[in-house]
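Grab a pencil and work through these exercises with the structure open beside you. Try each task on your own before you read its solution.

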Amino acid sequence: MVWSESSVRKILKNVKYKGDVLQGLTYTVDPISHKRKTNMGEQDKYYMQGHHESIITEEIWNKVQEIMKTRKETNNNPGIKEGYYNTKYSFSNTMEFAFCGKVVSRKKWGKDKIGWQCISAIKKGKKECSHSRVIPQYVLEQAFIEVHKMLLANNQEIVNEFFKKVEKAIKKNNTLETLQILKEKEKSLQSQIKKLLDMSLNEAITEDEYISKKTELEKKLTDINKKMAKSIGISKVEERIKDRVSNMKNNLKLKQNIINYFDEDAYRCMIKKVIVGEIDGEQKNPFVLNFILNSDKVQDDEQLNDIKILIAELDCKVQYFVFNIDENNNRSKEIKDSIKVKIYSDIDSNINIAP
């Protein structure tokens, strides 16, 4: 027996499996011919809970409905990334197109040709995303192999230099030392205000002198508190950056052996996202792969802000062909022998890291 998609969907939606019954889904149009029609609201429907013993729990049934709803919304909105469920293939849910921000999705043509392209162009046509091009999967795989080699062998000093810059910048800020100085100033001002109150109670100063001096000290205390709050915020950022730098180092150490083939585990461990394409002024180049290293212990699909720290770049030597369409809708084949690859850090730091 061959199970069709529609048959499976009907089973998953059927309330009978959780012990309920919904009557009146269809109604008889003609009692003579017994012709029936789907009830689209023409007649009443009747729902009975606990009609019979269930096969699955209501909780499981409801969860299935939520998953089906999420998948339907994802299909209706090709650019959706929140809760995106498809991780069937190596690059699934890890790539987005630079020009429109939509998901880059898998595309198959011919017998065994597989590539990745902006999902808007795949589903709605080239006009929806005119700069989109199909990047063959083997090109993406070879690009990652080169990134892996650069990070772990050929130019590992580049990565180490990046780590040193981040750590040096944090150390230069002396945030903890600044915070300690501010705390001492805060304590001193609080002590002065207390002494001022004692002087006022002992009538050593007049009421006007007390109010004037107190106002002055409280203003200084407010300024100190603002500076402390800012320093505490910076300190938390720096601690998070330290954790992320440490995590990135661990991620790189997990796959120390140089690979000559595409390793999905290494890819998922080391890379948070690949942004396909680059905008340089008014020029848009779809043949650029921006690999963003993963330094976050929490693997989620958080929105990446401006990518600020470029670690390295290279030209990956790999031959592939693309199709170009001119203004007269003429199609031509172009052979390319390399693709531009850039490696970024995803550490969105607020500290000043010198180039």
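What follows is a set of exercises with worked solutions on this predicted model.

**Exercise 1. Get an overview of the chain: how many helices and strands are there, and what share of the residues is buried?**

Step 1. Start by counting elements: the chain has eight helices and twelve strands.

Step 2. Now look at burial. Of the 355 residues, 36% are buried.

Step 3. Turn to the surface. About 23200 Å² of the chain is exposed, and 48% of that comes from carbon and sulfur atoms.

Step 4. Finish with contacts. Take those between residues at least 6 apart in sequence: 63% of them join residues at least 24 apart.

**Exercise 2. Work out the order of the strands in the open five-stranded sheet, and find which strands sit at its edges.**

Step 1. Walk across the sheet from one side: the order reads S5-S9-S10-S12-S11, and the pairing is mixed.

Step 2. Look for strands that pair on one side only. These are S5 and S11 (310-325), the edge strands.

Step 3. Check how the neighbours are turned. On average, neighbouring strands of this sheet make an angle of 25 degrees with each other, ignoring direction.

Step 4. Zoom in on S5 and S9. They run parallel and share three bridges. One residue to look up is Met95, whose bridge partner in S9 is Val274.

**Exercise 3. Trace the strands S6, S7 and S8: in which sense do they pair, parallel or antiparallel?**

Step 1. Take S6 (residues 104-109) and S7 (residues 113-118). Six bridges hold this pair, and the sense is antiparallel.

Step 2. Look at the connection. Three residues lie between S6 and S7, giving a hairpin. In its turn you'll find Gly110, with a positive phi of about 70 degrees.

Step 3. Move on to the other pair. S7 and S8 (residues 135-136) are also antiparallel, joined by two bridges.

Step 4. Use Trp116 as your landmark. It is the bridge partner of Arg106, and Trp116 also stands opposite Ile135 in S8.

**Exercise 4. Find out which parts of the chain the salt bridge between Glu96 and Lys273 ties together, and whether its two residues are buried or exposed.**

Step 1. Begin with the total: the whole structure has nine salt bridges.

Step 2. Pick out the one between the side chains of Glu96 and Lys273, with an N to O distance of 3.8 Å.

Step 3. Place both residues. Glu96 is in S5 (residues 95-97) and Lys273 is in S9 (residues 271-280), so this pair ties together parts 177 residues apart in sequence.

Step 4. Check the burial, where the cut-off is under 20% relative accessible area. Glu96 has 13%, so it counts as buried. Lys273 has 5%, so it's buried too.

**Exercise 5. Glu278 takes part in salt bridges with Lys340 and with Lys342: what are the N to O distances?**

Step 1. For Lys340 and Glu278, the distance is 3.7 Å. Lys340 belongs to S12 (residues 331-345) and Glu278 to S9, and the two residues are 62 apart.

Step 2. For Lys342 and Glu278, the closest N and O atoms are 2.5 Å apart. Lys342 is in S12 as well, 64 residues away from Glu278.

Step 3. Compare the surroundings. Lys342 and Glu278 are both buried, while Lys340 is partly exposed at 28% relative accessible area.

**Exercise 6. Describe where Lys18 sits and which network it belongs to.**

Step 1. Salt bridges with shared partners bring Lys18, Asp20 and Glu58 together in one network.

Step 2. Find Lys18 in the loop that connects helix H1 (5-13) with strand S1 (21-23).

Step 3. Judge its burial: with a relative accessible area of 11%, Lys18 is buried.

Step 4. See what surrounds it. Leaving out residues up to four places away in sequence, Lys18 touches Tyr47, Ser54, Ile56, Glu58, Trp61 and Asn62.

**Exercise 7. Decide why Cys100 and Cys118 don't count as a disulfide.**

Step 1. Recall the cut-off: the two sulfur atoms must be within 2.5 Å.

Step 2. Compare. The nearest cysteine sulfur to Cys100 is that of Cys118, 3.5 Å away, so Cys100 is in no disulfide. The structure as a whole holds zero disulfides.

Step 3. Add the accessibility: Cys100 is partly exposed at 33%, whereas Cys316 is buried at 1%.

Notes: Residues numbered from 1 in each chain as written. Predicted model: local features only at pLDDT ≥ 70, side-chain atom pairs only at ≥ 80, totals over all residues. Heavy atoms only, no water. Buried < 20%, exposed > 50% of the residue type's maximum accessible area, 1.4 Å probe, protein only. Pairing = 2+ DSSP bridges. Helix = DSSP H or I, 4+ residues; strand = E, 2+ residues; numbered from the N terminus. Contact = heavy atoms within 4.5 Å. Salt bridge = Lys/Arg side-chain N within 4 Å of Asp/Glu carboxyl O. Axes fitted to C-alpha atoms, helices over the stretch in contact; angles between N-to-C directions. Areas by Shrake-Rupley, 256 points an atom, 1.4 Å probe, with all protein chains shown as cover.
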